[in-house]
Amino acid sequence: MDIENIKTFLVLANTKNFTRTANQLFVAQSTITNRINELEKEIGVSLFSRTNRSVELTPEGEHFRIYADKVVDLTNSSLSELSSLHKYKNQLRIGASDSIYEGHLAPIILKHQKNNPDDSLKITIGLSSHLLEQLQNDILDVVFTYLPLKKAHYHCQLYHQDSLVLVTDIQNTTYKNGITHDALLSVNYVMCNFALQDVGQFIRHLFPKYHQFALEIDDCSKVIPFLLGCDTYTFLPADMAAPFVANHKLQIIPLLDLQTPMINSYIIGNSAKKELWQTIFLAEQNSVCSDLVSCLVDETYRKFKEFSIK
């Protein structure tokens, strides 16, 4: 099965247009038609339903798309690793949820890259479920997710427990001494859909069912610009908020009648490169960013003390 035919199928499945697919791949439209015909003939089923106005995947095409994605990902990953065998001492393919990467991994990876220039690290950012699938398809060597994986040939352990804090711009002093649940319902809250199981459910249940937010983002690492200089509020992992609190950009608002759940993240890796990813991430885990986290905890405690004294 020709890999170029599979790649062409995936592009056409996205564009649903032969002309746009040809332009995107810099080939003639007849080439696209021939590649798809060859693929359908080899598989023995129609992958697309064609009309004069549209191109749609057939049910068989939808099913094949899942496998085509895996084939292309695995092919690209394998070729990349083979090309780096003689150039780098070690190669490691890392997958992480965006918030885990921003809150924990970035400084560790930066430090390792500076100290180990002979190592090649490839980083993929994605959703926990997708990263676990890529790990099991041998596209990634180690992943950092909010979902555990208990399966033979994979090592899974708790990587970090993070607290959930309510933050707002440093200049917004309305509830600087604390906020109640009822008061939270009336503020300009930016909904960040963590998709973190218990954490996501906790935040959703704070608000009425079917509550519509003025702004909703599905990636908490992208919510910061909507807090700075505004009177908006949101919940963030403590480690992600820490540098903004330390730099006096954001402040933590104490919760007076709410207790937030902990955010559990996991490190899951294959056995083949266990020694490498453990050396990089587990040895450095407790030493990086600890000062920022300590400042964040101290700030929260100080605000509670101030409020209790008043």
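In the predicted model, V167 of strand β7 has I252 as its bridge partner in β12. Strand β7 spans residues 164–169 and pairs with β12 in the antiparallel sense, over three bridges. D169 stands opposite L250 of β12. With β11, strand β7 again pairs in the antiparallel sense, here over five bridges, and L166 has F235 as its bridge partner in β11. Strand β7 is mostly covered, six of its six residues being buried.

These pairings belong to an open sheet of four strands, ordered β8-β11-β7-β12, in which the pairing is mixed. Strands β8 (188–189) and β12 (250–252) stand at the edges; each has a single partner strand, so one side of each is left without a neighbour in the sheet. Helix α9, formed by residues 238–246, lies across β7, β11 (232–237) and β12, and runs at about 120 degrees to β11.

The largest nonpolar core contains 36 residues, of which F144, L166, L184, Y189, F235 and F281 touch the most other members. Helix α10 (residues 274–282) supplies the largest share of this core, with five residues. A second, separate core comprises 17 residues, among them I6, F9, L10 and V55. When residues up to four places away in sequence are not counted, the contacts of L166 are with I179, L184, Y189, Y233, T234, F235, Q251, I252, I253 and L255. F235 is thus a contact of L166 as well as its bridge partner in β11.

Helices α2 (residues 18–25) and α3 (residues 29–43) pack with their axes 8 Å apart, at an angle of about 105 degrees. Angles of 65 to 115 degrees count as roughly perpendicular, and α2 and α3 are therefore roughly perpendicular to each other. On the α2 side the contact is made by F18, T19, T21, A22 and L25, which meet Q29, I32, T33, R35 and I36 of α3. By class, five nonpolar, four polar and one charged residues take part in the contact of α2 with α3.

L25, one of the α2 residues in that contact, is separated from K7 by 18 residues in sequence and by 9.6 Å in space, C-alpha to C-alpha. K7 is located in helix α1, which covers residues 3–15. Its relative accessibility is 29%, so K7 counts as partly exposed; this class lies between the limits of 20% for buried and 50% for exposed. Leaving aside residues up to four places away in sequence, K7 touches V72 and N76.

Backbone torsions were also examined. Most residues other than glycine have a negative phi. H153, a residue other than glycine, has a positive phi, near 75 degrees. H153 is placed in the loop between β5 (142–145) and β6 (154–162), and its relative accessibility of 65% is why H153 counts as exposed. Y210 likewise is not a glycine and has a positive phi, of about 65 degrees. The loop that holds Y210 runs between α8 (198–206) and β10 (216–217). With a relative accessibility of 68%, Y210 counts as exposed.

Notes:
Residues numbered from 1 in each chain as written. Predicted model: local features only at pLDDT ≥ 70, side-chain atom pairs only at ≥ 80, totals over all residues. Heavy atoms only, no water. Core = buried A, V, L, I, M, F, W, Y, C linked by side-chain atoms within 4.5 Å. Buried < 20%, exposed > 50% of the residue type's maximum accessible area, 1.4 Å probe, protein only. Helix = DSSP H or I, 4+ residues; strand = E, 2+ residues; numbered from the N terminus. Contact = heavy atoms within 4.5 Å. Axes fitted to C-alpha atoms, helices over the stretch in contact; angles between N-to-C directions. Parallel < 35°, antiparallel > 145°, perpendicular 65-115°, else oblique. Nonpolar A, V, L, I, M, F, W, Y, C, P; charged D, E, K, R; others polar. Pairing = 2+ DSSP bridges.
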